[in-house]
Amino acid sequence: MEWLYILMPIAGVKIFWPGLIILGIGVGVIGGFFGMGGAWMVTPGLNILGFPMAFAIGTDIAHMAGKSLISTMRHGKFGNVDYKLGMIMLVGTVVGFEVGAQMIMWLERIGKVDMVVRWIYLGLLGFITWMVFTDIARRKAKDKAAIAAGQEVDKNATGLEWHKTLHKIKIPPMVHLNVAGIYCSAWLPIAVSFFTGWLAGILGIGGGLIRMPALIYLVGCPTHVAVGTDLFEVAISGLYGAASYTYKGRTELVAAIIMLIGAAMGAQVGAVATKYIKGYGIRIAFGLAVIGCAISVFLKLLPVYIPSISQICDIIATYMILGLVSALAIYITVKMVQGAKNEIAMKKAKA
């Protein structure tokens with residue numbers, strides 16, 4: 001079965017290449033659907049396939065940039081990308097990322113980087129999980145109240161409405177974001193992108209895990225527009241990161257290209273799926289993905305306090321991520337197929 005393994009010329013290791021394609025397809029589907037780069041899923045996957053961690057990170061960033069570009073183009077065709085909002089947020093993202101990176105350098109000098117980053121990551125994931133499921137619970141309560149009062153359910157209603165409060169801030173310049181359907185101060189998306197960029201710089205991720213919910217709950221984007229616009233941001237920041245890691249000699253371009261073959265197919269599925277799974281369907285799936293990620297990070301923290309379980313925690317955490325990728329990709333694909341079949345059936349019925 002030697003033909004199933006390919007030598008990575010830069011990393012100097014032999015890798016099971018079908019695993020790269022499977023990982024690329026799975027994360028392509030998830031990234032296209034959620035608007036996330038997928039660094040928290042791909043990096044451990046590459047590591048378990050045999051890549052040293054530095055190469056896993058660099059290769060993931062290169063793959064993430066290419067996949068996000070593919071997904072952005074697909075979402076653009078559906079009208080899910082607010083390019084104006086994306087360009088405004090780019091200012092805050094770049095500045096915030098650099099501030100976060102400088103903080104990491106300081107934490108590294110005092111020897112606290114690993115512990116601090118993991119606890120920030122765990123706290124952030126816990127907050128996002130609370131935010132998503134609180135929003136879902138409050139939205140359901142509103143629907144029940146409307147039905148009980150004999151009123152029509154507002155399909156555009158949300159559970160958490162922080163963005164309505166933030167939209168009352170009228171600091172000029174004011175901007176119309178036509179695709180997202182928002183009129184607000186330009187400083188709102190800049191401030192949000194600075195915060196998410198700062199967190200991304202500290203946590204060493206593309207930022208999609210943070211930015212997508214921030215666009216929904218703080219800026220007020222519809223879910224499908226938040227996904228597409230976030231992918232646009234991830235693509236830009238990913239290209240910068242890929243160039244940086246390639247310059248440092250830590251990007252395995254052969255592996256990135258192989259993964260992009262799978263991602264090119266998966267990203268199309270994920271992007272099309274947002275046409276059939278709207279709003280709260282996306283949010284519920286996203287919340288479950290965050291819970292899985294939080295458990296994985298927690299398992300990575302445990303060996304700090306209980307060194308004897310280090311090996312088993314690493315194995316469970318890694319396979320949990322890979323299992324999560326596979327399960328979510330299958331779920332999204334099935335829902336897309338079901339939605340497409342229903343659409344075709346309705347068109348035939350009308351004809």
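Is arginine 74 buried, exposed or partly exposed? In this predicted model, arginine 74 has a relative accessibility of 25% and therefore counts as partly exposed. The limit that matters here is 20%, since buried means under 20% relative accessible area.

Let me place that residue. Arginine 74 belongs to helix H3, which spans residues 53–77. Leaving aside residues up to four places away in sequence, arginine 74 touches Gln268, Ala271 and Val272. With respect to valine 269, the C-alpha atoms of the two residues are separated by 9.7 Å, although these positions lie 195 residues apart in chain numbering terms, that is, they are 195 residues apart along the chain.

I turn next to threonine 93, in helix H4, residues 83–109. Threonine 93 has 5% relative accessibility and so counts as buried. Which residues does threonine 93 touch, not counting those up to four places away in sequence? They are Ser193, Phe194, Gly197, Arg211 and Glu233.

Now to the aromatic residues. Searching the whole structure yields 7 aromatic pairs. One of the aromatic pairs is formed by tryptophan 130 and tryptophan 162, with 6.4 Å from centre to centre and 20° between the planes, and it is stacked. This pair links distant parts of the chain: tryptophan 130 sits in helix H5 (residues 113–148) and tryptophan 162 in helix H6 (residues 162–166), 32 residues apart. As for accessibility, tryptophan 130 is partly exposed at 44%, and tryptophan 162 is partly exposed at 30%.

A further pair consists of phenylalanine 195 and tryptophan 198. Why is this pair classed as tilted? The ring centres of phenylalanine 195 and tryptophan 198 are 6.0 Å apart and the planes stand at 35°, so the pair is tilted; stacking would require planes under 30 degrees apart. Both residues lie in helix H7, residues 187–203, and because they are 3 residues apart there, about one helical turn separates them. Phenylalanine 195 has a relative accessible area of 42% and is partly exposed. Tryptophan 198 is likewise partly exposed, with a relative accessible area of 23%.

Finally, I return to the tryptophans of helices H5 and H6. Ring pairs join Trp130 and Trp162 with Phe127 in a cluster.

Notes. Residues numbered from 1 in each chain as written. Predicted model: local features only at pLDDT ≥ 70, side-chain atom pairs only at ≥ 80, totals over all residues. Heavy atoms only, no water. Helix = DSSP H or I, 4+ residues; strand = E, 2+ residues; numbered from the N terminus. Buried < 20%, exposed > 50% of the residue type's maximum accessible area, 1.4 Å probe, protein only. Contact = heavy atoms within 4.5 Å. Phe/Tyr/Trp six-rings, centres within 6.5 Å; stacked < 30°, edge-to-face > 60°.
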